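Trainee: Could you take me through one part of this model closely, namely the disulfides and how the cysteines in them are placed, and then connect that part to other features of the chain?

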Amino acid sequence: MELSKALARIGFLLILAMTLALAGKRVSVKEVVFDSAVADIQWLGDDQKTVITLTSKGRLYRSTDGGEKWNDITDFFKVDVPNGAPEPFVANFLTKSSADPNTILVSGAKWSHYISSDKGASWKRVRQRSNIHTVMFHKTRPTWMLLSTWTNACARNKNKLPAAWDTDKGPCNHILYLSKDLGKTFSLVQSYVVQFSWGSPDAKQQDRIYYTHFRKKTGDQPKLYLWSKDVDFAYADATTSRLTSKSLVPFGNKFLVSHGFLFVAKVKDAAAQTVSLVVSSNGGSTWNAALLPEEIDEKSYTVLDASEGAVMLHVNHGAKEQQVGNVYISDDKGYRFSLSLANNVRGSSGDCEFDKILSLEGAYMANYKVLADGENTDAEDGNKDAEELEESAAKGSTVDQRRTPRLKGKEESVVRTVISFDKGGSWTYLKPPKVDSTGQKIDCPEDKCWLHLHGVTNFRNYAPFYSTENAVGIIMGTGNVGPYLRFEQDQTNTFLSRDGGLTWVEAHKGAFIYEYGDHGGLIVMADDVRKTKQVVFSWNEGQSWYDFELTNMPMDVDNVVTEPNATSTKFLLYGTRGDTGVMYHLNFEALGQPLCKGVWAADSVSSDYETWSPSDGKSVERCMLGKQVTYTRRKQTSECFNGEKFERPVSKKSCECTQENWECEVGFAREVGSLECKFAKDENYQFPQQCQRNDYFTAGAYRKVVGDACEGGWQPQQANVPCPPKPLSRGAWSVLGSMGMLAVIMFGVTFMSQNEKVRGMFGNY
């Protein structure tokens, strides 16, 4: 006891000494004012030092030093009007190449578009005179890209096309082009297109173009508000001299390419608006219908993640008002699904409160809605906007989409947060901190005391739970401790975990927006609910926090970002002050922290580093997905920075199997907080022949989690499952009828024998 007190006193003195050391140092702050709010930021170059910012009014700014100094480059671009004077350029959106970090395309609002292959130092006009709808660069070929446009006739139909541009007299339709020279020339891929996407490199189909299109190529293209048997799923190979269309799935309306899997929604009944999901794991050579406990109805599924060899699928089955759906997880083939989590929260646009903890394998967080008994447990949002459908193939799975600028409605419901450390095999509630950020005990009922965090559907009000690959084990979120998630500002605080979500601390009172730098060694955040002048940061993973003032004039903070790798100690904080956009460049190198030492001598007294293995809190060996993974990370008390070139040592070894390494087979399900797989009374379950003569049968209730590497240990036993009630034979119905008639006669005799009036009548004879 005395030793622990002494260690605690030493830790306090170290923090105090470090606080005093930082007191005389300041973070370098540079301010820039833009014409309007920031709409998008793109980081360019191998070193991520060139930054291009797009504002909400369509102006462009460029920085070559990570955002410290900016130049307005909008006036470089021209809008040449036929037979008229040039007009001011207004940018619509930015698209960065996934194959070349130096290449970026700017789509203009007035049929003028530009591309740069030298980080924006020079620009060339894209030879495309229509309004660009979507651009998708090739994943490995730097000069290849797909580009789609709605013909000018569509703008004419909406009275948005100037007479000088009205040269296209054809019908309104969505056209897909291929360019192999960064927009100098284009080849037609297909007209009347709904969706499109490049193939998956995982399936060695990176040069294949997938798309859905209307077979009928006449008249104005209809919007795909409803499932239609006039739309097919097809492909063309970009390496061939002629882009010949080849049909893959007739009536395939919507599709997704993700991590080697192909998912296609195929219309079953256009009148009833029902579809079936078909899946291919070999590039479309063979297809399997998704085997789900319930049918997919209408536009009712979202691929949440497919990055770890299995597919996480969110499915809606019914009541529109609930805005929830079930999460299912597949086997390694991607089409046999079992229930993982019921009543997962989804928004009106189809976003689901489900996210992967990016720094850890097999770890996920989700929010689910607690429904009263008798309520419908599923939701159907109805028809999505047709333009969202056209773009959805390019976005990828829900987990692939997460990192976007957050904008600024509030919708209350009984929601709880859960976490899985075994790829959705089982779910548990988040452990709440015992004290708040001021050291005061948190009061809540013991049997209903958990931590709940806001998800992506409420991002306009509060920052959602957030992780990055390079900040190993660190997760942050805004929410509250109690029986369920609260939506009031005075109940919402900011929380942090540094052990992959196993335990949590309250980082700060109030709702903040946050970002990680220095491989997770530096956390920067700001109040994004109220106007603020301050920035709060921690260099020791939340053990202590410091704040400083940006300016004397308060601002509304929209976001805090750093370069995509989260390895830098420089951040950009942006927001608005009135109608103008404001951005601050924050340089934490000015604090003068030295580089950490002793990465290969972790856990020694002389090293600034320690080793850490993530755990679900149940395994003695600190294992997840059947293996113990050991990471090297900086000690919380080490006053130093990792540096951008830091490479984290990682080691792995196999573990013995436990029940957590197994998920439920098709037809079986677990409750939150339980590991037992129980028969789910699945209406679509294929009962065996033996049920015709027996009252029960044995079946496997568990299957090993895809990618789990455990060996030996716990092995599941066959489960006894009751057979469905057997229909009665003709003879049985005859016997049952005779017994019924006899019962009626017996009842009549008994009634008459006990009735005084009847007995009197018989007594007179």
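Mentor: Cys677 is buried in this predicted model, with a relative accessible area of 7%, and Cys664, to which a disulfide joins Cys677, likewise counts as buried, at 3% relative accessibility. The S to S distance in this disulfide is 2.1 Å, and the torsion about the S-S bond is about -90°, so the disulfide of Cys664 and Cys677 is left-handed. As for where the two cysteines sit, Cys664 belongs to strand S44, while Cys677 is found in the loop between strand S45 (668–669) and strand S46 (678–679), so that the pair links parts of the chain 13 residues apart.

The structure holds seven disulfides, and two others can be set beside that one. Cys657 is joined to Cys710 by a disulfide with an S to S distance of 2.0 Å, and here the torsion about the S-S bond is about 90°, so the disulfide is right-handed. This pair links distant parts of the chain, with Cys657 in the loop between S43 and strand S44 (662–664) and Cys710 in the loop between strand S48 (702–704) and strand S49 (719–722), 53 residues apart. Cys657 is buried, its relative accessible area being 3%, and Cys710 is buried as well, at 4%.

Cys596 and Cys640 form a further disulfide, in which the sulfur atoms are 2.0 Å apart. The torsion about its S-S bond is about 95°, so the disulfide of Cys596 and Cys640 is right-handed. Cys596 lies in the loop between strand S40 (580–587) and strand S41 (609–612), and Cys640 in the loop between strand S42 (627–634) and strand S43 (650–654), so this pair ties together parts that are 44 residues apart in sequence. Both Cys596 and Cys640 are buried. Another buried cysteine is Cys352, with a relative accessible area of 0%.

Turning from the disulfides to a sheet, strands S30, S31, S32 and S33 follow one another in that order in an open sheet of four strands with antiparallel pairing. Strand S30 (450–453) and strand S33 (505–508) stand at the edges with a single partner strand each, so one side of each has no neighbour in the sheet. From one strand to the next, the twist averages 55°. Within this sheet, strand S32 (residues 493–497) runs antiparallel to S33 and is joined to S33 by three bridges, and Phe495 stands opposite Glu506 in S33.

The aromatic side chains offer a further set of contacts, for the structure holds 32 aromatic pairs. One of these is the edge-to-face pair of Phe76 and Phe77, with 5.4 Å from centre to centre and 85° between the planes. The two residues of this pair can be set side by side in accessibility: Phe76 counts as partly exposed, at 46% relative accessibility, whereas Phe77 is buried, with a relative accessible area of 3%. Ring pairs link Phe76 and Phe77 with Phe89, Tyr114 and Trp123 into a cluster.

Finally, there are lysines placed over aromatic rings. Lys223 lies over the face of Trp150, at 4.4 Å from the ring centre, and Lys229 lies over the face of Phe251, where the distance from the ring centre is 5.0 Å.

Notes
Residues are numbered from 1 along each chain as its sequence is written. This is a predicted model: local features need pLDDT of at least 70, side-chain atom pairs count only at pLDDT 80 or more; totals for chains, interfaces and linings use all residues. Side-chain values use heavy atoms; hydrogens and water are left out. Two strands pair if DSSP finds at least two bridges between them. Axes are lines fitted to C-alpha atoms, for helices over the stretch in contact, and angles run from 0 to 180 degrees between N-to-C directions. Rings of Phe, Tyr and Trp (its six-membered ring) pair if their centres lie within 6.5 Å; planes under 30 degrees apart count as stacked, over 60 as edge-to-face and the rest as tilted. Buried means under 20% relative accessible area, exposed over 50%, partly exposed in between (1.4 Å probe, protein chains only). A charge sits over a ring if NZ of Lys or CZ of Arg is within 6 Å of the ring centre and within 35 degrees of the ring normal. A disulfide is a pair of cysteine sulfur atoms within 2.5 Å.
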